[in-house]
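Q: I have the sequence and the model open side by side. Could you take me through some of the contacts, starting with the charged pairs?

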Amino acid sequence: MASNDAPARSAWSGKWAFILAAAASAVGLGNMWRFPYLAAKYGGGTFLLTYLVLVFTLGISLLLLETALGRLTGQSAIGAFKQFGKKYAIIGVLASIVPFIIVPYYSIIGGWVTKYTAAYVFEGPAALADGGNFFTGFITSNVESFLWMFVFMAIVFVVVARGVKGGIEKANLFMMPALIVVAVGIAAYTLTMPGALEGAAYYLVPDFSKFSPELVISALGQMFYSLSLAMGIMITYGSYLDKKSSLTQSVVRIGGFDIGVSFLAGLMIVPAAFVAMGSGDAVAAKSGPSLMFVILPEVFAQMGGAAQFVGFLFFLLVLFAALTSGISLMETCVSIVQDGAKWSRKKALIAVMAFIVVTGSLVNLGYNGLSFIEPLGAGTTMLDFFDFISNSVLMPIVALLTCIFVGWVVKPKLIVREVTLSGPFKLEKAWTIMIKYVAPVLVTVILVAFVAAQFGLFKM
Ligand code: TRP
């Protein structure tokens, strides 16, 4: 990672290298796959609004906190906290567990995207648009679903092992704008379909009767996941940054870009889901990890001669976004093992690979061989469980501890000083209040409300 920032002598190239690396980490399956199905599931506009508010208050504040902490200490997560006292290392350790939980199931979804990219070439758009049978047949297969997961993992391994990430990130410079252009095109096309405008209204107009603790905790988890927060990665990226690059500007750009891509993905998929399913209730009831893989092929199939090309291009671009994030995730795991166990890079790499293959296979079995295991209730899978533990439980806890640590132990002034090294910090007061009071209270209330709702203590 650091190698990409080699020309960081000039402040300008340093800042853009940082923004690019952070955006490449942030924009991924979280935006294209996860955000739209959550928005569809949790009442559309209500979710979107909650998400927007969370990103532009808590999300950007935490992004600033993490990158500034990294730049201040010049260390990755565990070292950064440890610098202030041995006992604080635990926050870094908890944060470091998160990527290990995410990477196995990220590879599974990555495998689905890889399969779809290939299927548009070899099987054609009609085969994929059959109301979900294609998808179900694929993920429940005992061989194929594993093969494509391994293909995705293999690409990630090779890139991380050869350390050619620099080129990938440069390619990103073209791929990400291309993804946006294609998504805009698909969204515009979708909106012309019968029933789509009703879907757009569901997606854009909040309906406060849909508000629930589950909605808020999901939006919160999605925010951490999508911005790659609360897992140490942004601390590490910040540690590579030179002192002259403006942190405030950079984090607003990263956050804005990330939310822009998510918004578009939702605008493309939620109305499409309406076209296919008819009503908000039906959409909410059926939305889950399969949404992108079942709904979009239906839309593509209606595009006539362009169907194959559009389908292929779309999944290729999503694959690209997934690869850059997958590479960054694995890279994170490798450096954690390397630092933690004091192993050589090669040894750490092999250990992480083995871990990903074994846990990825195990989680994937949740869709076929072990589908009788339903950890979160009927119809749920092990993938849902891994996703839930990392995003809805661990990440909020890490974020809470981080805010308490900065707000009350080392004091916000320390971070403020780091931020002002590279420019004015107009919202210093608001940020301080956010980190000291609002964020800890908010996250605690959300967590408690959520746990209470899980145990049926109250119904919202
Ligand atoms: N933010 C990524 C996405 O939206 C996923 C992700 C979470 C990630 N944590 C990460 C990527 C750490 C790289 C590194 O898909």
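**Charged pairs, packing and rings**

Q: Are D387 and R34 buried or exposed?
A: Both D387 and R34 are buried, where buried means under 20% relative accessible area, exposed means over 50%, and partly exposed covers what lies in between (1.4 Å probe, protein chains only). Please keep in mind that this is a predicted model, in which local features need pLDDT of at least 70 and side-chain atom pairs count only at pLDDT 80 or more, while totals for chains, interfaces and linings use all residues. Residues are numbered from 1 along each chain as its sequence is written, and side-chain values use heavy atoms, with hydrogens and water left out.

Q: OK, and what does D387 form with R34?
A: D387 and R34 form a salt bridge, and their closest N and O atoms are 2.5 Å apart; the term stands for a side-chain nitrogen of Lys or Arg within 4 Å of a carboxyl oxygen of Asp or Glu. D387 lies in helix α18 (residues 382–409) and R34 in helix α2 (residues 29–41), so the salt bridge ties together parts that are 353 residues apart in sequence. Helices here are DSSP runs (H or I, at least four residues), as strands are (E, at least two), numbered from the N terminus.

Q: How many salt bridges does the count come to?
A: The count comes to 8 salt bridges. Another of them joins K243 and E418, with the closest N and O atoms 3.0 Å apart. K243 lies in the loop between α12 (233–239) and α13 (247–277), whereas E418 lies in helix α19, so this pair ties together parts that are 175 residues apart in sequence.

Q: And how accessible are K243 and E418?
A: K243 counts as partly exposed because its relative accessibility is 39%, while E418, at 3%, counts as buried.

Q: What about E331, which residue is its salt bridge partner?
A: The partner of E331 is R345, and their closest N and O atoms are 3.2 Å apart. E331 lies in helix α16 (residues 307–341) and R345 in helix α17 (residues 345–365), so the pair ties together parts that are 14 residues apart in sequence. E331 is buried, with a relative accessible area of 9%, whereas R345 counts as partly exposed at 31% relative accessibility. Elsewhere, salt bridges that share partners join R71, K243 and E418 into one network.

Q: Switching to packing: at what angle do α3 and α19 pack?
A: Helix α3 (residues 45–73) and helix α19 (residues 412–420) pack at about 80 degrees, and their axes are 9 Å apart. That makes the two helices roughly perpendicular. The axes are lines fitted to C-alpha atoms, for helices over the stretch in contact, with angles running from 0 to 180 degrees between N-to-C directions; angles under 35 degrees count as roughly parallel, over 145 as roughly antiparallel, 65 to 115 as roughly perpendicular and the rest as oblique.

Q: Which residues meet there?
A: From α3 these are L64, L65, A68, L69, R71 and L72, and they meet L414, I415, E418 and V419 of α19. The residues of this contact divide into 8 nonpolar, no polar and 2 charged, with Ala, Val, Leu, Ile, Met, Phe, Trp, Tyr, Cys and Pro counting as nonpolar, Asp, Glu, Lys and Arg as charged, and the others, Gly among them, as polar.

Q: Now rings: how many aromatic pairs does the structure hold?
A: There are 27 aromatic pairs, meaning rings of Phe, Tyr and Trp (its six-membered ring) whose centres lie within 6.5 Å, with planes under 30 degrees apart counted as stacked, over 60 as edge-to-face and the rest as tilted. In one pair, the rings of Y120 and F300 have their centres 6.0 Å apart and their planes at 75 degrees, so the pair is edge-to-face. Y120 sits in helix α5 (residues 89–122) and F300 in helix α15 (residues 291–301), 180 residues apart. Both Y120 and F300 are buried, each at 0%.

Q: What larger grouping do Y120 and F300 form with other rings?
A: Y120 and F300 belong to one aromatic cluster, which also includes W112, Y116 and Y367.

Q: Last one: where is T190, and what is T190 in contact with?
A: T190 is in helix α9 (residues 165–191), and counts as buried at 0% relative accessibility. Leaving aside neighbours within four places in sequence, T190 is in contact (heavy atoms within 4.5 Å) with A196, M268, P271, A272 and V299.
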